[in-house]
Amino acid sequence: MNKAMMDAEPLALGDLIHRRQPFVVQNYQRAYAWQLEEIEDFSRDILRLYEGRRQNRADSHFFGGIVTVSRNVRGSAFGRQYDVVDGQQRLATFGLLLAAIVEGFLELASQSDVAGNDLVSQTARTSASLIRGKFLEYEEIGSDGRVYKAERIVLSKPDRAYYRSLLQPSPQDPRGRFSRASHRRLWEARDYLVREVIRKNIVDGDLSLGEKVTRLKLLEQAVLDDSHVIFITTDSREDAYGIFSVLNDRGRGLSAGDLLRAYTLERLEGNRSQEQVEAYWDEILASEQPRIESFLRTYYASYQGRRAGRRSLYDDFVSAFFQEKVEPADIYESVSRLHEEAAIYRSLVEGEWPYSPSSAGFWERNRLSILIHTLKHTLCLPLLLAAAKHLDEASFSAIVQMLEKTCFRYVTVCEAHVGQLTELYNQESRLIREKLAEYSIDDLGRKIRELISEKASKELFVTAGCKIRH
């Protein structure tokens, strides 16, 4: 990595946002992803800093790294912008917290107006104005020569306008009407910060208005002066992603799905297919994180005939499906296929029959649910995914019945080690995909019988069955 092109320095959050702007999350980056658990942890750290300020000491808390690519921008007030590669969740949440503090000051100002306390009202309004003018917005000159307000933190396209609306005082309560899951998470984060940090600890407390304003300024200091990050910037996108990969150990900070989304969308920058691929990824990543990773691992094994590495899912996936110099049309086709099979996978893991319309009877269809939910035989999912994608309904049904009997004997009764069985399933998945025209279910049955004869023979089956009965 070229050290001459990279800069890293520890900064208080206030210095970071005021001196380095604007921060822009590119469209190929993931949407806002923090759940309530992360917001609660974040709030506890902030409130510890606030309690330190109340006790006349300035503590410090490290909130992680912010990795950016610095690039020149013509006509900008600052001449450059910082594309955020890592740390957008923290930056976005700090923005929401600062907006919540502004809202708290404005509410205290309104209460002071009613109480006729002009001095406290003016102090609160001035504090709100300074935060907005120094840390949430800055003045930019438009192409028409007019001055307008621009945001210091700009999220990716799916969240950009909604996030901007949440930085305003008292945004409209959506009452559950969200067009995207990330919008719901943004609203819940802002609502929690206003309710549990600002109101509960300061605004709704049994204190004088003057004391509440003082307390809120202590919280402001805790956020801007006591919250620290390591700011890393480079003018090389390749270097930035290298740093990001080291910091996140290939997907433990972000998921493999998030990294794959960013990887593919970046390579489609400026291509007309980017928007559709982004929509595909939004649907693929709409499930809970463990299920997304399970799907990616199932998909990989189903195509490659072997499992991805425990810690190398992202690298293995890129190598298998998104080569470095692949054409945009190939990327589009790969993500489109991934999107199609994600829908099939969701049906399978729910135990729902993946054929519609269906000519199979109820009991025939119900065997899939028994296999996946009752017997919990999920290691066969790569095989079922390939079969549901490429084989007719009758063949798929025959495989389900075959696997149900195999699981009962091999796993449930004989408790044989599933390693060889898993390998067989994965290899058969690849055969279906690569040699569909000559694929034979009878060959699958023969291979399973040979494995059962070796690992779950009739003698073992009878002996194990007797133990279960007794």
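Biologist: Why is helix α9 described as largely enclosed by the rest of the structure?
Modeller: This is a predicted model, in which local features need pLDDT of at least 70, side-chain atom pairs count only at pLDDT 80 or more, and totals for chains, interfaces and linings use all residues. Residues are numbered from 1 along each chain as its sequence is written, and side-chain values use heavy atoms, without hydrogens and water. Helix α9 (a DSSP run of H or I, at least four residues, numbered from the N terminus) is largely enclosed because its buried residues (under 20% relative accessible area, 1.4 Å probe, protein chains only) number 11 of the 12.

Biologist: What is the end-to-end reach of α9, from its first C-alpha to its last?
Modeller: Helix α9 covers residues 256–267, with 12 residues. Its expected span (1.5 Å times one less than the number of residues) is 16 Å, and the model comes close to this, at 17 Å.

Biologist: Which helix of the chain has the lowest confidence?
Modeller: Confidence is given as pLDDT (the predictor's score for each residue, from 0 to 100), and the chain averages 88, with 90% of the residues at 70 or above. The highest helix mean, 97, belongs to α15 (residues 381–390). The lowest, a mean of 60 over residues 237–248, belongs to helix α8.

Biologist: How many contacts beyond four places in sequence does the model have for residues 249–253?
Modeller: Over residues 249–253, pLDDT stays under 50. Where pLDDT is low, predicted coordinates should not be read in detail. With contact meaning heavy atoms within 4.5 Å, the number in the model for this stretch is 11.

Biologist: What is the volume of the largest cavity?
Modeller: The whole structure holds two cavities of 30 Å³ or more, a cavity being a set of points on a 1 Å grid where a 1.4 Å probe fits but cannot get out. The lining of the largest one includes Ile284, Phe295 and Tyr345, and the elements giving two or more residues to this lining are α11 (289–304) and α13 (328–349). Its volume, the space filled by probe spheres set on the points, is about 50 Å³.

Biologist: Which element gives the largest share of the lining of the second largest cavity?
Modeller: The second largest cavity holds about 40 Å³ of space and is lined by Trp34, Gln35, Leu36, Ile39, Arg185, Glu188 and Ala189. The elements that give two or more residues to this lining are α2 (36–54) and α6 (181–203). The largest share, three residues, comes from α6.

Technical notes
1 Å grid on protein atoms, 1.4 Å probe; cavity = no way out; pocket = protein on both sides within 12 Å on 5 of 7 lines; lining within 4 Å. Buried < 20%, exposed > 50% of the residue type's maximum accessible area, 1.4 Å probe, protein only.
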